[in-house]
Amino acid sequence: MSVTTGIVLGAATYWITQTAVAVSAASGVLEAGRKRFDLFGMVIVGLAAAIGGGSVRDLLLDRPVFWVQDQTYLIVAIVTALLIFFLARRIPLPPRLFLVPDALGLALYTVVGTKVALAMGTPGLVASFMGVITGVVGGILRDVLCNEEPVVFQGTLYATLAWGGALALIGFYLLPLSTPWPELLAGGLIFLGRLVAMRWQIGLPKFHAR
Amino acid sequence: MSVTTGIVLGAATYWITQTAVAVSAASGVLEAGRKRFDLFGMVIVGLAAAIGGGSVRDLLLDRPVFWVQDQTYLIVAIVTALLIFFLARRIPLPPRLFLVPDALGLALYTVVGTKVALAMGTPGLVASFMGVITGVVGGILRDVLCNEEPVVFQGTLYATLAWGGALALIGFYLLPLSTPWPELLAGGLIFLGRLVAMRWQIGLPKFHAR
Amino acid sequence: MSVTTGIVLGAATYWITQTAVAVSAASGVLEAGRKRFDLFGMVIVGLAAAIGGGSVRDLLLDRPVFWVQDQTYLIVAIVTALLIFFLARRIPLPPRLFLVPDALGLALYTVVGTKVALAMGTPGLVASFMGVITGVVGGILRDVLCNEEPVVFQGTLYATLAWGGALALIGFYLLPLSTPWPELLAGGLIFLGRLVAMRWQIGLPKFHAR
């Protein structure tokens, strides 16, 4: 049982979160690598990707920022970033490698973010938006720091799935289901939805303003 | 009478604020449309434009973020973004269409932002800067997310008018004027100044560093 | 003796901080000048460079933002930005001119940021990261607002020195040294390290992801 700034997370969730931190940090390093940033730049972009979403959520909810009192998050992100940095100099690491763990991270971040916001008494729509922020803002920060258009705004379904899953989670809480079923169902929807969207290249409609 | 996180806003101001939220969200969607973002990307850029400035102000002042406890703001922004998205696919919507309501939004956001900061006891210059942040940071976030140089730094008078209006508001409070006269006068200066600046293309001096 | 939101800074540190604010504001204006932003854009980019890092630190640590109750910081940043703006239209101001004071600012911001975080009881790694944030986030914001890749991720040693100095400061606190020796030693390391890195073009390894 680990206590993280106010809400009690089961040990399983705590370690899956650390996995999500590691995977996001890796995605940040691989993106930063394409820009020829130096080692420090990669570590910062990796950190932004890994802890940016949860930080913005915590600031908006006026609760302690989750990584400030427990330095394990920083250690996991930094060690991962260094490992990937030195590994990628030797072995080609296709970004595709991280897509499945990243989908798992998206599911988990979104579920945890929505739950935290609900626990603080925000209205449902706001809570679901906090879930989305937790899931996608890290990736947006990563792309802004790399001076790129955020991929989450463009490719196959990603944030839309997070939002759908967050709303589903709130719906499941209205049903007579006990923990962890609502979380597992909502997280599973996001994770499987992401795998399906990637496999069949499913995206949202776009338009070009006239 | 609606209560928004600490300060009591008259019903008129509350609904004009919601109008400003809608107009800013629309401006975000139209900008995002030029980048071929998908529906979700547009909604997020619209939200950032609509609630970004007030959020940064509230974080800096360490007060509850205005849209977290009242989900009406999110609903207004999201519904507007969806409407504009589907409308703009059918009918050409020139961005010019939004310039006049946007000028109204700038005036209102700036006046409300300055007032909120003064109510929290900040010095005058800081309060006026909080007004500017409320008025223009949403547009800056919109442009950063679209990977563009912020237009507020470049075109006809915009933020300068906000700053002038905010300082004028503080001056009017020193005069024997009762509410809502200082607010109406300062807001009117910003709004009319913006119309004049757009009509005669009045801008600030620029320079190119040598 | 000046009191700044919770920690008591000696008068010397307070005025050196104001110098760092002025130098960072100047660097922001010179960068913004290359983008043909107008006067307001320059002032905002200057302000972001000068007070952005400390603001993000204070938000993450949930302490009052340092410039909100003492408007001297804003005055120093704005007056400097205006001076540089009008000066640079007449006289060529090479950005190199600011490199030495900027190195001093980096050293001071990092030491103050780390100290503030330690005083709030954060773990050592988090405190050192807060020092880095205080030292470099202003420059990152400046570059993001100018739609440029952050230079701090690319050039000669900069943030790495800040991080090293912050960790050294924490180490020095474990030794039987009384104030201000740990601060002077750590700050000196950052400042001299930066001069050496610029003189001999010392950078970190980079890689291009395959």
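Guide: A word on overlays before we start: copies are superposed by least squares on the C-alpha atoms of residues with pLDDT of at least 70 in both. You're looking at a predicted model, where local features need pLDDT of at least 70, side-chain atom pairs count only at pLDDT 80 or more, and totals for chains, interfaces and linings use all residues. Residues are numbered from 1 along each chain as its sequence is written, while chains are lettered from A and ligands numbered from 1 in the order in which they are written.

Visitor: What turn and what shift lay chain A on chain C?

Guide: A turn of 120° with a shift of 0.0 Å along the axis does it, and the RMSD is 0.0 Å. That is the relation of a three-fold axis. In general, two copies of a chain are related by a rotation about an axis and a shift along it. Chain B goes onto chain C in the same manner, with a turn of 120°, a shift of 0.0 Å along the axis and an RMSD of 0.0 Å.

Visitor: What makes a residue of chain A part of the contact with chain C, and how many residues does each chain put in?

Guide: Two residues are in contact if their C-beta atoms, placed from the backbone, lie within 7 Å. By that rule, 28 residues from chain A and 26 residues from chain C take part. On the chain A side, helix 1 (11-33), helix 2 (39-61), helix 3 (72-88) and helix 5 (124-145) each supply at least two residues. Helix 2 of chain A gives the most, with six residues.

Visitor: Which classes do the residues of that side of chain A divide into?

Guide: They split into 17 nonpolar, six polar and five charged. Here Ala, Val, Leu, Ile, Met, Phe, Trp, Tyr, Cys and Pro count as nonpolar, Asp, Glu, Lys and Arg as charged, and the others, Gly among them, as polar.

Visitor: And how many residues of chain B are in contact with chain C?

Guide: There it's 26 residues of chain B against 28 residues of chain C. Helix 2 (39-61), helix 5 (124-145) and helix 6 (159-174) of chain B each supply at least two residues of the chain B side, and helix 5 of chain B gives the most, with four. By class, that side has 15 nonpolar, six polar and five charged residues.

Visitor: How do you know that the copies chain B and chain C meet through different surfaces?

Guide: Only 12% of the interface residues of chain B are also interface residues in chain C, so the surfaces differ. For chain A and chain C, 11% of the contact residues of chain A recur in chain C.

Visitor: What makes something a helix here, and how many helices are there in chain A?

Guide: Helices (H or I, at least four residues) and strands (E, at least two) are DSSP runs, numbered from the N terminus. Chain A has seven helices and two strands, in the order β-β-α-α-α-α-α-α-α.

Visitor: Why does the radius of gyration of chain A agree with a compact globule?

Guide: The radius is taken over C-alpha atoms, and the globule rule is 2.2 Å times the number of residues to the power 0.38. With 210 residues that comes near 17 Å, and chain A has 17 Å, so the two agree.

Visitor: Why is Val137(A) called buried?

Guide: A residue is buried if 20 or more other C-beta atoms lie within 10 Å of its own, exposed if 12 or fewer, and partly exposed in between, with C-beta atoms placed from the backbone. Val137(A) has 24, so it is buried. This residue sits in helix 5 of chain A and, leaving aside neighbours within four places in sequence, is in contact with Gly52(A), Gly53(A) and Val56(A). Of the 210 residues of chain A, 54% count as buried.

Visitor: Why is Gln201(A) called exposed?

Guide: Gln201(A) has 9 other C-beta atoms within 10 Å, so it counts as exposed. Its place is the segment after helix 7 (181-199) of chain A.

Visitor: What is the phi of Gln201(A)?

Guide: It is near 55°, a positive value in a residue other than glycine. Most residues other than glycine have a negative phi.

Visitor: How do you know that the span of helix 6 of chain C agrees with its number of residues?

Guide: The expected span is 1.5 Å times one less than the number of residues. For the 16 residues of helix 6 (residues 159-174) that gives 22 Å, and the end C-alpha atoms are 23 Å apart, which agrees. Among the buried residues of this helix are Trp163(C) and Leu169(C), and what covers its buried residues includes helix 2 of chain A.
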